[in-house]
Every structure is written in C-alpha cells, then in structure tokens.
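Here's a quick walk through some aromatic contacts and a greasy bit of surface. Have the model open as you read.

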Amino acid sequence: MPAPASHDRILPAIALRLLSVFFLASMGALIKLAETMGASLPEVLFFRQLGASVLVTGVILAGPGIATIRTLRIGAHVRRAVVGLSSMACMFSSLMLLPLAEATTLQFTVPIFATILGAVLLREPTGWHRWGAVLVGFAGVLIVAQPGSGQFPLVGTVLGLIAASLAALVSILLRQIGRTESATTTVFWFSTLSLLPLGIAYAFSLQPHPPRVWAVLFGMGLLGGMGQIALTAALRRGPVSVVVPMDYSSLIWATLYGFLLFGAVPAQATWLGAPVIVASGLYIVWREQARRRAETDAAIVGE
C-alpha cells in the first residue's frame with residue numbers, strides 16, 4: 001500500500017499551486033491588457049508559447065539534460081498540441097471578449113467536462129453523484145451566463161465553454177502520455193510544436209507596437225511559462241485532490257485585476273453562479289478520489 005504524501009511535501013505542493021494560479025491569473029490580465037492596446041490573438045498566442053518554450057528549455061538544460069526530450073510518441077504529442085492549442089485559442093478569445101471574472105469562472109467547468117468525457121471516451125464508471133454534480137455545475141453556468149439577457153457576448157461564453165471542454169480532453173491525453181513521458185518532456189513538445197503554426201499565423205498579423213505593448217507581450221509569455229512550470233511541480237509533490245481546489249483562488253485575482261486594470265466588478269449573477277460551479281467541481285474531485293481509494297482498497301483485499 002503506497003505511503004501517504006508527507007506533510008513536508010503537501011505544503012510545498014499547495015504553495016506551488018497557489019503560485020501557479022497567481023502567475024496564470026496575471027497572464028490572463030496581461031492578455032486582456034494587450035488586447036486593449038491593439039495586440040491580436042495570433043500575437044498573444046505566439047508570445048505565450050514562446051515564453052513557455054524558452055523557460056522549459058532552460059529548466060531541462062539546467063536539470064535532466066536535453067537528452068530527456070527524446071520521445072517515441074511524437075504522434076501523441078502532436079495530438080496533445082493540436083487540442084491544447086485549440087483550447088488556448090478559445091480561452092484567450094474568451095478572456096478578450098468577457099470580463100476577467102466571468103471568463104475565469106467558465107474555466108471552473110473543466111472538472112465537469114472531464115467527468116463527461118471520462119464516461120463517454122474512457123468508459124469510466126460514473127454514478128449518480130457525479131452526474132448530479134455535472135447538472136448542478138451547468139446550472140451554475142446558466143446563472144453566470146444569463147442566456148438571452150444580452151449582458152455578456154454569447155460568443156465569448158461559448159468560446160469559454162469550448163476551451164474548458166478541450167482542456168478536459170487535454171487532461172485525458174496527458175493521462176495517457178504520462179505513462180511513458182515526463183512532465184517536462186510533455187511541456188517542451190507542446191510549447192515547441194505550437195511555435196511552428198503560431199509563427200506562421202504571427203507572420204501574417206505582424207504589426208508595430210509601442211515599447212509598452214512589447215513589454216506586456218513578453219511579460220505575458222514569461223508568466224505563462226512560470227505558471228506552467230509551477231503547475232507541473234505542484235502535481236509532482238501533492239495529490240490531485242489537494243492541489244486542484246487551489247485553482248479556484250484564481251477568481252480572487254481575476255476580480256482584483258478586473259477592478260484595478262479595467263474598472264470591472266463581477267455581476268451579481270457571477271457572485272451567485274460561481275459558488276455553484278466551484279461546489280460542483282470540488283464535489284467531482286472528491287468523488288473521484290473516493291472512487292480511486294475504494295478501488296485501491298478492493299485490490300488490496302483481493303490480493
């Protein structure tokens with residue numbers, strides 16, 4: 001029976017996850033700021049992946065060495081890059097179209113979509129508890145989005161939900177890739193493979209900017225890379241059930257940045273719907289961990 005994670009590893013895992021949330025929330029604020037300054041989506045995507053590629057390459061060179069990026073599963077990395085890049089494009093578009101707090105809240109639906117995809121694609125056993133949580137989560141989405149009210153752009157809401165569903169699919173692909181590939185190898189190939197198509201798109205949208213816009217773009221890329229590295233490091237040190245709930249703290253940063261940078265305050269519907277979506281996601285995470293513990297106990301008893 002595996003030993004439980006030690007206290008001195010769980011606390012650093014939580015700290016790293018909170019740090020990654022701060023980095024990624026700050027990246028989201030800079031994405032929206034860059035858009036208000038005239039930067040296009042291809043530019044934002046290119047610099048996001050460029051920053052991650054530079055940082056993860058530096059980590060690999062300083063640590064395990066460049067030889068560790070060798071892989072026999074390049075096809076799996078290409079699939080992960082296509083889905084991950086599509087999710088990122090939809091998420092960044094949602095950030096540009098919606099207020100920060102609302103766009104961030106929609107990303108909390110990732111566990112909901114992960115439950116659906118796990119049941120449909122992987123045939124994972126999914127009881128009425130988790131299906132009930134899925135329905136409650138979507139009720140929270142309806143509260144936040146208020147379809148038909150015209151309060152938020154429908155396109156931004158739909159893109160945010162597509163981004164969350166694709167991010168859930170990425171989690172399934174990563175589960176499969178992670179059986180043979182290290183986290184740094186996976187991040188390296190995702191960032192590097194993305195640069196070729198993004199570089200082509202960037203070439204067609206290249207435009208001059210004042211120095212402050214270039215600073216925002218480069219800062220956004222570095223924050224995204226640091227967030228990705230901290231995210232990966234957190235999962236290496238602590239169980240998913242402990243570190244994933246820290247992601248919901250991003251709503252605090254999104255609300256703060258939205259107010260300070262754009263004078264935006266979350267709508268009343270967001271204050272009502274966000275806790276419903278968060279509660280749904282936390283319940284799904286808890287049920288998943290309970291199921292895994294039950295399967296482990298059954299396997300030990302059967303030995």
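## A ring pair between two helices

Phe138 is partly exposed, at 26% relative accessible area; that label covers values between buried (under 20%) and exposed (over 50%), using a 1.4 Å probe and protein chains only. Its partner Phe113 is buried at 14%. The two ring centres sit 5.5 Å apart with the planes at 75°, so this is an edge-to-face pair. Phe113 belongs to helix α5 (residues 110–121) and Phe138 to helix α6 (residues 128–145), so the contact ties together parts 25 residues apart in sequence. Helices here are DSSP runs of H or I, at least four residues long, numbered from the N terminus.

A word on the source: this is a predicted model, where local features need pLDDT of at least 70 and side-chain atom pairs pLDDT 80 or more, while totals for chains, interfaces and linings use all residues. Numbering starts from 1 along each chain as its sequence is written, and side-chain values use heavy atoms, without hydrogens or water.

## More aromatics

The structure holds 11 aromatic pairs. To pair, rings of Phe, Tyr or Trp (its six-membered ring) need centres within 6.5 Å; planes under 30 degrees apart are stacked, over 60 edge-to-face, and the rest tilted. Phe46 and Phe47 make another edge-to-face pair, 5.6 Å centre to centre with 85° between the planes. Phe46 counts as buried at 15% relative accessibility, and so does Phe47 at 6%. Both join Tyr202, Trp214 and Phe218 in one aromatic cluster.

There's a charge over a ring too: Arg80 lies over the face of Phe190, 3.8 Å from the ring centre. The cut-offs for that are NZ of Lys or CZ of Arg within 6 Å of the centre and within 35 degrees of the ring normal.

## Helix α11 and its greasy patch

Leu256, Phe259, Leu260, Leu261, Val265 and Trp271 form a nonpolar surface patch with about 640 Å² of accessible area together. Nonpolar patch members have over 30% relative accessible area, no salt bridge, and side chains joined within 5 Å. Helix α11 (residues 250–262) gives the most, with 4 residues. Leu260, in α11, counts as exposed at 58% relative accessibility.

What's buried in α11? Ser250, Leu251, Ala254, Thr255, Tyr257 and Gly258. The helix has 13 residues and should span 18 Å; its end C-alpha atoms are 17 Å apart, which agrees. The expected span is 1.5 Å times one less than the number of residues. Just after α11, Gly263 takes a positive phi of about 65°.

Technical notes: Patches are made of residues with over 30% relative accessible area and no salt bridge: like charges are joined within 9 Å, nonpolar side chains (Val, Leu, Ile, Met, Phe, Trp, Tyr) within 5 Å. Accessible areas come from the Shrake-Rupley method with a 1.4 Å probe; for residues, only the protein chains shown count as cover. A salt bridge is a side-chain nitrogen of Lys or Arg within 4 Å of a carboxyl oxygen of Asp or Glu. Helices (H or I, at least four residues) and strands (E, at least two) are DSSP runs, numbered from the N terminus.
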